[in-house]
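Trainee: I'd like to learn how to read cavities, pockets and helix packing in a model. Can we go through one together?

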Amino acid sequence: MMPLAKFRWFSRSFATLSVPLRICVVGSGPAGFYTAEKILKAHESAEVDIVDRLPAPFGLVRYGVAPDHPETKIVTNQFLRVLQNGRCSFYGNVNIGTSITLPELRDMYNAVVLAHGAEGDRSLGIPGESLAGVYAAREFVWWYNGHPDCQQLNPDLKRSDTAIVLGQGNVALDVARVLLRPTAELATTDIASHALAALEESAIRKVYLVGRRGPVQAACTAKELREVLGMKNLRICIHQDDLITTPADELEMKNSRIRRRVYELLSKASMAGPLVSGQRELHFIFFRKPDRFLEEENESGHLRAVRLEKTTLKEATGEVDEAAKQVAVGLGEYEDLSCGLVLKSIGYKSLAIDGLPFDAGNGIVPNVGGRVISDNSEDGVQYEKGLYVCGWLKRGPTGIIGTNMYCAEETVGCIADDILKGTLSSSSSELQKPGREGLLRLLDNRNVRFVSFDAWERIDLEERRLGALKGKPREKLGTWEDLLKVACC
């Protein structure tokens, strides 16, 4: 939490303004809401407008958190209180680049904070990646969470009894858990009805979680791992040889309590007894990396198997001994693993906006503490006036939901500091930006059907009504047409 002294400094910084501060936050996920909340608390006359390309707010919480994790979604109650603040407005179905441009937003507001997350996927760049049956884990997550962009994904879950998940982070565990959890348990969650119907007919009984490195380097958290290991009627399969550690592994575990705990959980799970009839299987495969996806011989364009290359660990060049960071290198030995579905859980990637500096390699907007860099030359760092970033667009797709709270605190601190320095605006007359009034005028002129907070409440009410009919907390409206129809009725 923010120390009281620092919060008072924030408040004094914003209080130096004699006219309202008008700020636009692009993105209504956790990073956007935490940013808006901190600005509203710090300055009693600040006005914050949150815009999002989707008709529904909450971003990652609504469309990224697994349906069987309702406790994680409770944070939306805090975000709702932000929207209920009279100085905050929500404008959904507003796309930056088509509905309105970034330069236009910057002209209307004293500051624009980009917090729209990461909606793209990293590519493996190997043969066969475009075969039918190969998906990004993000697409699969959006599909079972009722995201309107993936309602038509329609993965074939009846083609084979085996699915392969490339990656061993928390998202990988989420998709494996959804594939293997009894559908009777999922039926009482807010999972999309089309996904539940497909899972009820699914033939998948085995899921392989494939990682390039070993169990010590598995990217998941102990909490998520413990949950999947504790699932009923599920056999955990781990090769004992993969659990043998090296001095470098021991050093990594010595320096990281989380890594040691994950390793201990996997070691204990490997002691499972023989397979019981009817059990589903979760296999942890270590020291393997995908080489290529293999095509069905008798059905062109469809996935048949994944060719995996065996790996070994090598200390990363230039790393100090204390870090003991190890990278996977291929051994030139291969094996094929048959499957009907592959989910690539290898990382999200932010997408660039026209006219915005972008580091494609790291998938972020170049910034220092949230200030967007316009030029980084020998003469020193130059910043884009009044333009800031927060969340994954700022630091990359890392951390948990709560990480965005501290990320927002840093960005809002930069805004406050720029106000004190006089760099945000050069005169009081320039501070009088049109803000909300200008945005509404422009959207009206362009006939953009934006979704207000009141319209979102109509969507929310309808989803809860439909959910109650099925014994669910809500039944998400899964198409753009349905969302906008209810919002605009």
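Mentor: Sure, and keep in mind that this is a predicted model. Let's begin with an enclosed space: Gly-214, Pro-215, Val-216, Gln-217, Asp-242, Ile-244, Thr-245, Asp-249 and Phe-287 line the largest cavity.

Trainee: How many cavities of 30 Å³ or more does a search of the whole structure find?

Mentor: One. Its volume comes to about 30 Å³.

Trainee: And how does the lining of the largest cavity split by class?

Mentor: Four of the residues are nonpolar, three are polar and two are charged. Asp-242 and Asp-249 are both in that lining, and Asp counts as charged.

Trainee: Now the open spaces. How much space lies in the second largest pocket?

Mentor: About 800 Å³. It has 39 lining residues, and those closest to the pocket's centre are Arg-53, His-116, Gly-117, Ala-118 and Glu-119. As for elements, helix H2 (30–42), helix H3 (59–63) and helix H5 (102–108) each give two or more residues to the lining.

Trainee: Which helix gives the most to the lining of the second largest pocket?

Mentor: H3, with three residues. By class, that pocket's lining holds 22 nonpolar, 13 polar and four charged residues.

Trainee: On to helix packing. What do I look at when two helices are packed?

Mentor: The general idea is that a packed pair is described by the angle between the two axes and the distance between them. Try helix H7 (residues 170–180) with helix H10 (residues 222–229): the angle is about 20°, and the axes lie 10 Å apart.

Trainee: What does that angle make H7 and H10, roughly parallel or roughly perpendicular?

Mentor: Angles under 35 degrees count as roughly parallel, so H7 and H10 are roughly parallel to each other. The crossing of H7 with H10 is left-handed. On the H7 side, the contact uses Asn-170, Leu-173, Asp-174 and Arg-177, while H10 brings Glu-224, Leu-225, Glu-227 and Val-228. Sorted by class, the residues of this contact are three nonpolar, one polar and four charged.

Trainee: H10 has another partner, I think. At what angle do H10 and helix H12 pack?

Mentor: About 15°, with the axes 9 Å apart; H12 covers residues 257–269. H10 and H12 are therefore roughly parallel to each other as well, and their crossing is left-handed. Here Ala-222, Leu-225, Arg-226 and Leu-229 in H10 meet Arg-261, Val-262, Leu-265, Leu-266 and Ala-269 in H12. That contact divides into seven nonpolar, no polar and two charged residues.

Trainee: So Leu-225 of H10 turns up in the contact with H7 and in the contact with H12.

Mentor: Well spotted. Now for helix H17 (residues 453–469) and helix H18 (residues 480–487): they pack at about 115°, and their axes are 8 Å apart.

Trainee: How are H17 and H18 oriented, roughly parallel or roughly perpendicular?

Mentor: That angle makes H17 roughly perpendicular to H18, as the range for that label is 65 to 115 degrees. Their crossing is right-handed.

Trainee: Which residues of H17 and H18 meet?

Mentor: From H17 there are Ala-455, Arg-458, Ile-459, Glu-462 and Glu-463, and from H18 there are Leu-483, Val-486 and Ala-487. The class count for the contact of H17 with H18 is five nonpolar, no polar and three charged.

Conventions. Residues numbered from 1 in each chain as written. Predicted model: local features only at pLDDT ≥ 70, side-chain atom pairs only at ≥ 80, totals over all residues. Heavy atoms only, no water. 1 Å grid on protein atoms, 1.4 Å probe; cavity = no way out; pocket = protein on both sides within 12 Å on 5 of 7 lines; lining within 4 Å. Points joined across faces, edges and corners; volume = space filled by probe spheres on them. Axes fitted to C-alpha atoms, helices over the stretch in contact; angles between N-to-C directions. Helix = DSSP H or I, 4+ residues; strand = E, 2+ residues; numbered from the N terminus. Parallel < 35°, antiparallel > 145°, perpendicular 65-115°, else oblique. Left-handed = near helix turned anticlockwise from the far one by under 90°. Contact = heavy atoms within 4.5 Å.
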